[in-house]
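These entries record what I looked up in the structure, in the order in which I went through it.

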Amino acid sequence: MAPLKFQQPLLQTSVSHNPSEIINTVSISYISSSDVAMQMLGAAYIQHQCYHSNEAKTMVRSLKGISALVQLFSSENQEVQRYATGATRNLIYENMDNKTALIEAGGISKLIGALREPDDELRKNITGILWNLSSKDSLKERLAREGLSELTERVLVPLSGAGDAGVIQQSASEADIFYNTTGCFRNLSSVNERTRQQMRETRGLVDSLVGYIENSLQEGKGEDKGVENCVCVLRNLSYQLYSEIPTSVQMRLEGPTRAQDTRHNDPIGCFTPQSKKTKDRNQDLTTFSEVARVPKGAEWLWHPKIVALYNRILQSSETNTATREAAAGALQNITAGDRRWASVLSRVALEQERMLPVILDLLRSPTDAELRSLTGLLRNLSRHCKNKDDMATKVVNILVNKLPSDGHQKEPSSDVVVNTCGVLNNLVTGSSLAARDITYFDGLPKLVSIKTSHDNSPGKLKAARAASTVLSNMFQYTKLHKDYKQVSLKVKPS
């Protein structure tokens with residue numbers, strides 16, 4: 001969070017050889033005073049000085065001013081609290097030593113305690129400080145441990161509109177408070193498995209994130225920065241999801257044994273057992289009895305309904321590429337790997353949500369980070385899809401067009417090239433049509449050049465290996481060798 005400007009009458013002092021030190025010493029004595037007016041004046045001056053001076057930030061810390069400000073967080077006077085937290089926001093901005101000093105002085109618990117005050121400016125200061133603190137990995141676990149539950153209960157839940165009303169009613173200040181808080185959660189959710197698990201288990205947290213996104217989309221506010229933060233938190237919480245969720249949940253999502261599957265006669269997805277579509281699936285997409293009809297809490301992260309929500313985000317976020325990237329990344333997380341439920345959600349995305357055209361349309365994005373998530377998602381979907389011939393006819397031309405002409409090009413990035421080759425390889429291994437179309441749409445020269453022409457950097461070498469794998473698997477279709485020769489290429493397994 002950026003530092004706060006402040007316009008207020010400043011402390012007066014006589015000129016000396018080192019006026020800055022004297023002024024700061026006076027301001028520290030003021031905030032340590034029992035007089036409320038002196039406390040406000042001292043805090044206001046520190047806020048002003050620390051807006052533009054790193055030297056002032058260091059001096060306040062050396063004079064034990066941070067611990068004095070922390071004591072003012074619990075003042076009975078809300079104006080004192082506002083001045084003290086405003087000064088602290090500026091003190092810790094881009095200053096790791098001051099952040100550490102704030103935490104060591106018991107600042108987190110005092111800030112969380114002050115959230116109970118019904119003062120928007122104070123709450124805005126507090127959540128801004130907490131967001132700033134959460135940017136440092138070394139501070140995230142402690143911040144989550146001491147503040148996550150209270151932040152969720154006092155800010156996230158009431159301001160998300162996820163309750164019975166289903167409407168987001170925020171003032172301008174409350175919008176800032178919510179944005180600060182979700183920014184803090186976005187940082188916390190990125191640190192490690194322990195904190196991700198704590199966040200998944202925090203009552204009301206996931207429900208509020210989902211509720212806010214749903215209500216924002218309903219109100220046509222999909223580009224909202226708060227939505228971006230919420231989707232990013234969900235993406236982070238879905239990272240390594242299947243290995244981090246409780247064993248009992250893992251077993252439930254892995255489903256019954258194959259013998260039990262053959263005895264099921266329950267609805268599959270949105271289809272009845274008697275429908276032709278159900279029979280055509282050969283019971284590969286089993287019932288959703290593994291999850292509740294109405295998801296709650298962490299269950300949202302792997303529930304089929306979340307796929308529909310991410311699909312809406314991809315289609316409604318026209319300008320906010322970060323939100324689209326996060327939604328695609330979350331989908332990539334929950335469709336990754338060999339687990340049965342990753343396959344189930346992939347099928348939901350392809351067959352029930354019909355997301356393939358949406359993803360292919362978004363591949364026109366010039367943003368590499370978004371392309372990484374989209375191609376990573378497409379790689380997972382191509383792995384789990386049942387009709388690879390059908391998918392190949394829809395995606396090969398587009399993907400071949402995205403490939404660079406050789407391994408020396410900087411765009412797209414090596415990660416995007418690896419993912420793209422991964423999609424092509426998944427299709428080629430199950431479809432001769434994919435191999436045929438790669439040849440028809442001039443993909444062979446590109447794959448050979450990616451394989452053979454590069455700068456030997458780790459990323460380019462990884463892309464070269466990925467291209468080589470595609471070529472090797474294409475070579476298995478002997479009936480296509482004649483087509484390969486017609487483009488004047490000798491395609492051999494690597």
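Entry 1. I began with the exposure of phenylalanine 441 in this predicted model. Phenylalanine 441 has a relative accessible area of 29% and is therefore partly exposed. Tyrosine 440, by contrast, is exposed, at 63%. I then examined the two rings: their centres lie 5.0 Å apart and their planes stand at 85 degrees, so tyrosine 440 and phenylalanine 441 form an edge-to-face pair.

Entry 2. I asked how many aromatic pairs the structure holds. The count is three. I looked up one further pair, tryptophan 131 with tyrosine 179, which is edge-to-face with 5.0 Å between centres and 80 degrees between planes. Because tryptophan 131 belongs to helix α8 (residues 120-133) and tyrosine 179 to helix α10 (residues 172-188), this pair ties together parts 48 residues apart in sequence. I noted tryptophan 131 as buried, at 16% relative accessible area, and tyrosine 179 as partly exposed, at 26%.

Entry 3. I turned next to helix α25, which spans residues 432-440. At the start of α25, a side-chain oxygen of serine 431 comes to within 3.2 Å of the backbone nitrogen of leucine 433. After the helix comes aspartate 442, with a positive phi near 65 degrees. Which residues of α25 are buried? I listed Ser432, Ala434, Ala435, Asp437, Ile438 and Thr439. The cover over these buried residues includes α23 (388-402), α24 (414-428), α26 (443-452), α27 (458-474) and α28 (481-486).

Entry 4. Within α25 I singled out aspartate 437. Is aspartate 437 buried or exposed? Its relative accessibility is 7%, so aspartate 437 counts as buried, the cut-off being under 20%. Leaving aside residues up to four places away in sequence, aspartate 437 touches Ala392, Thr393 and Val396. I also checked asparagine 397: it is 40 residues from aspartate 437 in sequence, yet the C-alpha to C-alpha distance is 7.1 Å. The side chain of aspartate 437 makes a polar contact of 2.9 Å with the side chain of arginine 436.

Entry 5. I then looked up the largest nonpolar core, which has 137 residues. Tyr242 and Trp302 touch the most other members of this core. For tyrosine 242 I listed the contacts, not counting residues up to four places away in sequence: Gln250, Leu253, Trp302, Asn333, Ile334, Ala336, Arg339, Trp341, Ala342 and Leu345. Trp302 is thus among the residues that tyrosine 242 touches.

Entry 6. Last, I reviewed the confidence of the prediction. The protein averages a pLDDT of 87, and 86% of the residues score at least 70. Where does pLDDT stay under 50? I recorded residues 6-17, for which the model has 18 contacts beyond four places in sequence. I also recorded residues 258-285, for which the model has 36 such contacts.

Key. Residues are numbered from 1 along each chain as its sequence is written. Side-chain values use heavy atoms; hydrogens and water are left out. Rings of Phe, Tyr and Trp (its six-membered ring) pair if their centres lie within 6.5 Å; planes under 30 degrees apart count as stacked, over 60 as edge-to-face and the rest as tilted. Helices (H or I, at least four residues) and strands (E, at least two) are DSSP runs, numbered from the N terminus. Buried means under 20% relative accessible area, exposed over 50%, partly exposed in between (1.4 Å probe, protein chains only). Contact means heavy atoms within 4.5 Å. A polar contact is a pair of N or O atoms within 3.5 Å; within protein, one must be able to donate a hydrogen and the other to accept it, and residues adjacent in sequence count only if both atoms are side-chain atoms. A nonpolar core is a set of buried Ala, Val, Leu, Ile, Met, Phe, Trp, Tyr and Cys residues joined through side-chain atoms within 4.5 Å. pLDDT is the predictor's confidence in each residue, from 0 to 100.
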